[in-house]
Amino acid sequence: MPRPRKRPAGAAGPEKNGQSEKHTKFENSGEASAKVENSSPQKTSVFKNCGRNLSNYWLMKSEPESRLDKGVDVKFSIEDLKAQPLQTACWDGVRNYQARNFLRAMKLEEEAFFYHSNCKEPGIVGLMKIVKEAYPDHTQFEKNSPHYDPSSKEDNPKWSMKSLILF
């Protein structure tokens with residue numbers, strides 16, 4: 001089984017660039033592993049091994065500690081998701097074009113890792129499932145939102161969001 005490699009201290013990695021990344025599960029000598037793909041959000045085929053389909057995984061970043069953005073606390077942790085009705089919430093406020101494209105590429109029933117970033121102990125803290133296809137992020141039109149984008153138009157929105165459920 002391949003051993004995970006440690007990233008040298010100070011090295012830039014996926015949690016530093018504000019982007020979601022696709023993870024693909026594959027079989028290796030009978031044991032499951034995960035591989036990060038820094039690819040475009042084009043549809044990738046699902047690997048088949050021994051007649052079984054293996055899933056794609058996404059990495060969804062969130063900041064679990066308080067941070068003010070335009071006077072609004074944008075903190076959202078796994079505990080906040082657990083407190084939501086049916087443990088379901090929308091993933092809004094994404095303002096990075098590549099991450100937005102990844103959001104749009106996500107399909108129903110695909111799984112995502114909930115990743116705490118920009119905190120004392122960053123890392124994967126849970127597993128979620130996509131429960132709604134991409135739709136316009138309403139916060140881009142709300143002037144009092146820290147995610148407001150005056151260049152985005154309601155008839156041609158720039159930004160998307162997803163709905164996810166914890167499991």
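**Charges over rings**

I started with lysines and rings in this predicted model. The charged end of Lys129 sits over the ring of Phe167, with 5.1 Å to the ring centre. I then found a second case, in which Lys132 places its charged end over the ring of Tyr135, 4.0 Å from the centre.

**Strands around Tyr135**

Tyr135 led me to the strand pairing, where this residue stands opposite Met161 in E11. I looked up the two strands: E10 and E11 (residues 160-166) run antiparallel and are joined by 6 bridges.

I followed E10 to its other partner in my notes, E9. Strand E9 covers residues 111-116 and strand E10 covers residues 123-136, and 6 bridges hold this antiparallel pair together. Here I noted Tyr115, which stands opposite Ile124 in E10. E9 and E10 make a hairpin with 6 residues between them. In that turn, Asn118 has a positive phi of about 55°.

**Other positive phi values**

Asn118 made me curious about backbone angles elsewhere. Lys70 is not a glycine, yet its phi is positive, at about 55°. I placed Lys70 in the loop between strand E6 (68-69) and strand E7 (72-73). Its relative accessibility is 61%, so Lys70 counts as exposed.

Glu109 is also not a glycine and has a positive phi of about 75°. I found Glu109 in the loop that runs between helix H2 (97-105) and E9. With a relative accessible area of 53%, Glu109 is exposed.

**Aromatic pairs**

How many aromatic pairs does a search of the whole structure find? I got 6. One of them is Trp91 with Phe114, an edge-to-face pair at 5.4 Å centre to centre with 80° between the planes. Trp91 lies in strand E8 (residues 88-91) and Phe114 in strand E9, so this pair ties together parts that are 23 residues apart in sequence.

Are these two rings buried or exposed? Trp91 counts as buried because its relative accessibility is 9%. Phe114 is buried too, with a relative accessible area of 0%. I also noted that Phe76 joins Trp91 and Phe114 in one aromatic cluster.

**Cysteines**

Next I checked for disulfides, and the search of the whole structure gave 0. I still looked at how two cysteines sit with respect to the surface. Cys90 has a relative accessible area of 30%, so I logged it as partly exposed. Cys119, at 17%, is buried, because the cut-off for that class is under 20%.

**The chain as a whole**

I finished by stepping back to the overall layout. I counted 2 helices and 11 strands in the protein chain. Which pattern does the chain follow along the sequence? I wrote it down as β-β-β-β-β-β-β-α-β-α-β-β-β.

The chain has 167 residues, and buried ones make up 38% of them. For contacts between residues at least 6 apart in sequence, I noted that 64% join residues at least 24 apart. The accessible surface comes to about 10300 Å², and carbon and sulfur atoms account for 51% of that.

Methods: Residues are numbered from 1 along each chain as its sequence is written. This is a predicted model: local features need pLDDT of at least 70, side-chain atom pairs count only at pLDDT 80 or more; totals for chains, interfaces and linings use all residues. Side-chain values use heavy atoms; hydrogens and water are left out. A disulfide is a pair of cysteine sulfur atoms within 2.5 Å. Buried means under 20% relative accessible area, exposed over 50%, partly exposed in between (1.4 Å probe, protein chains only). Helices (H or I, at least four residues) and strands (E, at least two) are DSSP runs, numbered from the N terminus. Contact means heavy atoms within 4.5 Å. Accessible areas come from the Shrake-Rupley method with a 1.4 Å probe; for residues, only the protein chains shown count as cover. Two strands pair if DSSP finds at least two bridges between them. Rings of Phe, Tyr and Trp (its six-membered ring) pair if their centres lie within 6.5 Å; planes under 30 degrees apart count as stacked, over 60 as edge-to-face and the rest as tilted. A charge sits over a ring if NZ of Lys or CZ of Arg is within 6 Å of the ring centre and within 35 degrees of the ring normal.
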